[in-house]
Amino acid sequence: MVYDAGHYDTIVIGAGHAGVEAGLAAARMGAKTLMLTLNLDMIAFMPCNPSIGGPAKGIVVREIDALGGEMAKTIDKAYIQMRMLNTGKGPAVQALRAQADKPVYIKEMKQILESQDNLTLRQGMVDRLIIEDGICKGVITETGAAYHSETVIITTGTFMRGKVLMGDLEYESGPNNQRPSIKLSENLEELGIELVRFKTGTPPRVNSKTIDYSKTEIQPGDDKPQGFSYETTEYILDQIPCWLTYTNEFTHQIINDNLGLSAMYSGAKRGTGPRYCPSIEDKIVRFHDKPRHQIFLEPEGRDTEEVYVQGLSTSLPESVQHEIIHSVPGLENAEMMRPGYAIEYDAIVPTQLWPTLELKQIPGLFTAGQINGTSGYEEAAAQGIMAGINAAAKVLGKDPVILDRSQAYIGVLIDDLVTKGTKEPYRLLTSRAEYRLLLRHDNADLRLTEIGYQLGLISEERYQQFETKKQMVQDEKDRLRTITIKPTPDVQEMLNKANATPLKEAIKAYDLLKRPELTYELISEVIDSAEALPADVKEQVEIQIKYEGYIKKANEQVDRMKKMEDKKIPDDIDYDAIGGIATEAKEKLKTVRPLSVGQASRISGVNPADISILLVYIEHGKIAKIAN
Amino acid sequence: MFETDTIAAISTPIGEGAISIVRLSGSEAVDIITNIFQGKDLKEVESHTIHYGKIIDPETNEVAEEVMVTIMRAPKTFTREDVVEINCHGGLVSVNRVLEIALHEGARLAEPGEFTKRAFLNGRIDLSQAEAVMDLIRAKTDKAMNIALKQMDGRLSSLIKKYRQSLLETVAHVEVNIDYPEYDDVEEMSHEMMRKKTREVHAEIEELLSVAKQGKILREGIATAIIGRPNVGKSSLLNALVQENKAIVTDIPGTTRDIIEEYVNVRGIPLRLVDTAGIRETEDIVERIGVERSRQALKEADLILFVLNNNEKLTEEDIRLFEAVRGLEFIVIINKTDLEQKLDMEQVLELVGDKKIVSTSLLNEEGINELEAAIADSFFSGDIDSGDLTYVSNVRHIQLLKQAKKALEDAMDSLEMGMPLDIVQIDVTRTWEFLGEIIGDTASDSLIDQLFSQFCLGK
């Protein structure tokens, strides 16, 4: 029995990491927003590892924060441990990672959603979309509620036709035994959306009280934890450590003996799993000469005994999982609380999306998160906020927002997805970014706050603080240019202490700071001090000066790339009419429908000659228009 | 990539005609020629005028070539950009050198059909010609691709693949340290390890630049020696090749003044005939010729044309020559097929092994075509028609190798300065990309594939 349940600007299906960012961004921009989720107790639930951030991903979390998203602020209130990774390396690759308190994260995020104006939160299972004249106009739930809207964002994660696999046991299910979403997947297929079958997995959880930690190595958090959000000022000091142990030859023997029982090795045709997140059976098979593999024991929260056994993701039968756990030092008597499992699900082929995350075939319909073939909470949240922004922009008549590859990891992620597609669940890595020296965690605010502010997602107060910081950085850089450091005994002693070669003649402070072994703090010792600057300003001054040459080189590359990005491809281009383009390239171009020549040049199978011809053709079209 | 930079190419067919022209187009064209030109100040001259002067190689400050330079300023030019045409002497060496110097000074080697494309994009060519422009790009690119593919079978490409793999493993190592900082199965890459690796590859690239066959072809032509006993027809063979192909006699700078080398262009492949004077002067003086002299010539040859006499049985000397060429690139020419066959073919076939044999009668001008085909074949495993493409793709390789070398040097500088490895690695990755362009492999996913096949990563 279908009934009219109301009208909204934007409807978000799902309230995972993509869903919450999408709903919040849309509502905050002024769109009347409805969020539908299967279970209100599972908002922003982490079905797999209890951590947020890490290399590349941690930078994404900061980018989300600079755009006015919520993930950074929430994890800053819900971590049990915080670490800055890669501190021994360059500034471009440093990143924060937090161990999350899962239940607290859910509680905090739910409160944010509940208190958000313009946002309605409701429990419900969406069965199909309302399509009018090919345009998405709302959703209908299994209870018959017809919600009408201008835009819909699907963020169903791994729920679409989800299937849990463990040994020879398999059943239709979302993650953690929640109900799967079956009909929506069928509906998308009927609408002509191309789907693929992907797979991922999760390890077992064990009871902390039954772990012998004396046989493991402690992995503590940083002494001085930092926050993901630029707004965070208070830090949780009471941190909980993780613990490191290893598999051994007995573990590997058990796995080898039971390989045939693994759901993924039983011979049945299965979805594609990610290489970067292999099950323990994958690791043993592919790297059979490795004598041991790392196992990290990560608490799932402050007020729970459950411990996540990172490194033991598996789809072996439960009985074998017991044996594997007991073969690991420290876990000899560990009690398994939940078994590990693999999950298969439907994802859409992401080259069907515009870079706004709207489906090309169905205007008004957006998708974000794991449904687009990615994996990871951060990747999901990043797409969520962008889909939310663009869906609201569409309703409100604003320009779409597309971040490019030099602006943000978020831009790299979405461009990769919609331009190249993905053959396995996609994870961000620093190596995917060609301008990673520009995409640092320390400058996410400088890159994106302006955009967040223009969209109305960043408060006036925060924006003013940001402007002040920017000014302070500029002023201090200017000041260092004017200060001359002479080879006085004090200076030489400071250099000596830092193992730096002594000065032969006077030098500007600015140029002295370019030496890799010197820091802003050291140089401050020998020059007149400026008024006390905040730590993040000092950090920024140092990085911008020290790596100036490299940053400049990267910016030159960006300029070259931008020229190609500025060459827009007209909407109505008919690739079949272009004689010279190779057939394979033509097919790819017709699928991806790139917005610019730059995007076209990144499609695999489109070579430079095709690009040249495309350019001539576009120019030809322009001349033809003028002639007419 | 498009429109704003300055492009350069040789715009006349190689080895044909009395002059060869290097053409530059783009906003930097006049600056580039000014920097390498000795003569009038070309920045001050009127548009559409021609000027005599010398091209100076800024690296050595030596005169590279005497030239006539035409300056044509935008917009009344073929491309509607500033265009400079450098008229050089005909033949290969000089025009090549001028092009290399121009590229070194900041010009980019033009892509196939790019001058025409620019002319079109700048509105110089009208609408009805657009299709023709697209066809031209496609045709020229296909041809260039074809040649590139053929060269990919060569030693150059396997060497480049080797260096790339070595760099890729290094980069993957740095990446795994970055993306998986807690992964303890692999030693953290150290500056020392990186220094060793970059030095290794740098030395290899330098070596490649100095000796690579393709690079050598470009600068010097394929060093070709004609060997054989007296009176088998070496001199006739030389004359036949020269007559057929309008030899260019050049005084090579830097070599001993009295050695004259001769260039012939065989189906687009430049041959530098080694010690032709020796052949000419000694053919009559039987005592001074023979194996010793030929051996000398062999030392520096890339290709050996080994002439046998159809009219005589194999001699001791022939056998010794066969021993001398073992392991080298050679073609056996059985000459004097107009005379009675006394040569034991079975014995010859056995000695030749898998190398090529061509039968000629140089007296009757027979078999010369077959010989030329065999020469072309031995370098590109296929027939290449005369044109600028062979040549251009070679310049391209050299250019990319130099860019790769430069990027690697940037990485080495950063290492010496003590920059973090993730910064150093940016230039190592660029080196890898430049090398990839040479063999047409620019797939960016390789790194991620390498990462996950080399290391066991995951949660």
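Me: Buried means under 20% relative accessible area, exposed over 50%, and partly exposed in between (1.4 Å probe, protein chains only). By that scale, is B:Met68 buried, partly exposed or exposed?

Reply: This is a predicted model, where local features need pLDDT of at least 70, side-chain atom pairs count only at pLDDT 80 or more, and totals for chains, interfaces and linings use all residues. Residues are numbered from 1 along each chain as written, chains are lettered from A and ligands numbered from 1 in written order, and side-chain values use heavy atoms, without hydrogens and water. B:Met68 sits in strand E5 (residues 62–72) of chain B. Its relative accessible area is 33%, so B:Met68 is partly exposed.

Me: How many residues of strand E12 in chain B are buried?

Reply: Take the two faces of E12(B) (strands are DSSP runs of at least two residues, helices of at least four). One side carries B:Leu303, B:Leu305, B:Val307 and B:Asn309, the other B:Ile304, B:Phe306 and B:Leu308, and all are buried. The strand covers residues 303–309 and is largely enclosed by the rest of the structure, because the buried count is 7 of the 7.

Me: Which residue of E13(B) stands opposite B:Asn309?

Reply: E12(B) and strand E13 (residues 330–335) of chain B run parallel and are joined by 6 bridges (pairing needs at least two). In E13(B), the residue facing B:Asn309 is B:Asn335.

Me: Through which helix does the chain cross from E12(B) to E13(B)?

Reply: This is a β-α-β crossover, and it is right-handed (clockwise from first strand over helix to second, strands pointing away from the viewer). The helix on that path spans residues 316–325 of chain B, and its name is H11.

Me: What stands opposite B:Ile226 in E12(B)?

Reply: B:Ile226 brings us to strand E8 (residues 222–227) of chain B, which pairs with E12(B) in the parallel sense over 4 bridges. Opposite B:Ile226, in E12(B), is B:Leu305.

Me: Over to chain A: which are the edge strands of the sheet of 6 strands?

Reply: This open sheet has the order E14-E15-E16-E17-E13-E18, with antiparallel pairing. An edge strand here pairs on one side only, and that picks out E14 (217–219) and E18 (336–338).

Me: Within that sheet, which residue stands opposite A:Glu298?

Reply: Strands E16 (residues 294–299) and E17 (residues 306–310) of chain A pair in the antiparallel sense over 4 bridges. The residue of E17(A) opposite A:Glu298 is A:Tyr308.

Me: And in the sheet of 3 strands, what is the bridge partner of A:Met84?

Reply: That open, antiparallel sheet of chain A has the order E3-E5-E4. E4(A) pairs with strand E5 (residues 95–100) over 6 bridges. Within E5(A), the partner of A:Met84 is A:Leu96.
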